[in-house]
Structures are given as structure tokens and as C-alpha cells.
Amino acid sequence: MKLPAYPRTKPSGVEWLGDVPEHWDVKRGRFAMRVNPPAPRLRALKPEDEVSFVPMEAVGVQGGLSLEQTRALADVSRGYTEFQDGDVVVAKITPCFENGKAALARGLLNGAAYGTTELHVLRVGPTLDRSFLFYVAISDTFRKLGESEMYGAGGQKRVPPEFNKDFRTPLPPLREQQAIAAFLDRETGRVDRLVA
């Protein structure tokens, strides 16, 4: 499918990104999202309330979360990664990061979850759409650049949180981000149907 080009572009200042439409911004992640923030939704729950529990095997490649497991808040409130509906979770350990294990959290029990410590949590700010951020996080470029920033030895390499904070994120206006994400939803859905 061929889409019309933007009439005016400008240099993005980022080598891998090249020129961007003139009305887009490009900002470091720290100015568009929070990385590994606390989940306020959890603070509103009682210790006996159940939340979704997400081990690494429950995080899909290129999206999706298996939400079959739950735990009482009191049993998992220490030693796990916390997140809530609307957050984007991204695997940080090799090879899960390179394989694209990431998801947009939706439908969590009581709106919140605890998961493996091998996740980074990305929460959008006012200039960033969560679905658009999800597609950025599973993009080839994001994964290749993140892989180059990994630290650690052998099979225990991890992407540091600073990578997400410093990643130069293209920021079209919100409506355009939503349109791009909706287009990608439709196209990936069409491909999934053809594969099925």
C-alpha cells in the first residue's frame, strides 16, 4: 500500500530516523513518558484483593498478555514489577528483548498487575499515545538500538532503564499518533487473519 508523502520535512537530528514531517517533534523518552513508575492503582487496593500476575512466559512476542494467573496483593507486593492498565511493558533481558516481548497492558484484574522483574514499564505522558508507544517499543529499530546498549554477561544481558529514557522518540501530534496506531492495528490484524 502506497501512502502519500508529507509535503514538507525537516532533519530529525537522529541518524536512524532521518527526516521527519515538519510538524513532528522528536524528544528523548524522559520528556514523553515515565520509565518504571509506581502503579497508583495498586495503592487503592486492599491486601486481600487479587491482581493479575505476569511471568515472562505470559508476555507475548509482538504484543499480548496472558492474564490467566492472579495473586492476592499481599502475596506479591514485594520483589516484582508493578504496572497498571495503559502501561506498556517491555522485556529487558536477552533474548526476550530482542524477540520483541512487549505488550500494552489492558484488562488487568482490578486494573493492576505484578510481573517478572525482567520488565521495563513505560507510562505515557500527555504528548504520547499508549498504542503508538507500543508500536515504537516493538519496532526493529528500538530493539536493535536497545540491544546495542545491553550490559551484563552471556545470557544475562539487560537493557538499562536509561535506554528508554534517552531513546529519541518521534512525536507526531496526538491525533496523528492515534491514526498511525489504528492503521497498524488494522494491518497487523489483516495479516493475522491471512496467516490463520
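What share of the 196 residues of the protein counts as buried? The answer is 46%. Keep in mind as you read on that this is a predicted model.

## The overall picture

Let's start with the whole chain. The protein has six helices and twelve strands. Measured out along its principal axes, the C-alpha trace spans about 55 × 40 × 35 Å.

How does the radius of gyration fit with that of a compact globule? For 196 residues, a compact globule would come out near 16 Å, and the protein has 17 Å, so the two agree.

## A sheet of four strands

Now for the strands. Four of them make up an open sheet, and if you walk across it you meet them in the order 6-5-10-7. The pairing in this sheet is mixed. Strand 6 and strand 7 (81–84) sit at the edges with a single partner strand each, so each has one side without a neighbour in the sheet. From one strand to the next, the twist averages 40°.

There's a handy rule for looking at strands like these: in a regular strand, side chains alternate between the two faces of the sheet.

## Strand 5 and its partners

Strand 5 takes in residues 50–54, and four of its five residues are buried, which means that the rest of the structure largely encloses this strand.

Which strands does strand 5 pair with? One partner is strand 6 (residues 70–72), in the antiparallel sense, with three bridges between them. If you'd like a spot to look at, find Glu-50, whose bridge partner in strand 6 is Ala-72. Another partner is strand 10 (residues 112–115), which runs parallel to strand 5 and is joined to it by three bridges. On that side, Phe-53 stands opposite Tyr-114 of strand 10.

## The largest pocket

How is empty space found in a model? Rolling a probe the size of a water molecule over the atoms shows where it is left. In this protein, the largest pocket holds about 270 Å³ of space.

Its lining is made up of 13 residues, and those nearest the centre of the pocket are Trp-24, Phe-132, Val-136, Pro-170 and Ile-180. By type, the lining residues are eleven nonpolar and two polar, with no charged ones.

Which helices supply at least two residues each to the lining of the largest pocket? They are helix 3 (130–137), helix 4 (140–148) and helix 6 (174–195). Helix 3 gives the largest share of the lining, with three residues.

Key
Residues numbered from 1 in each chain as written. Predicted model: local features only at pLDDT ≥ 70, side-chain atom pairs only at ≥ 80, totals over all residues. Heavy atoms only, no water. 1 Å grid on protein atoms, 1.4 Å probe; cavity = no way out; pocket = protein on both sides within 12 Å on 5 of 7 lines; lining within 4 Å. Points joined across faces, edges and corners; volume = space filled by probe spheres on them. Nonpolar A, V, L, I, M, F, W, Y, C, P; charged D, E, K, R; others polar. Buried < 20%, exposed > 50% of the residue type's maximum accessible area, 1.4 Å probe, protein only. Pairing = 2+ DSSP bridges. Axes fitted to C-alpha atoms, helices over the stretch in contact; angles between N-to-C directions. Rg over C-alpha atoms; globule rule 2.2 N^0.38 Å.
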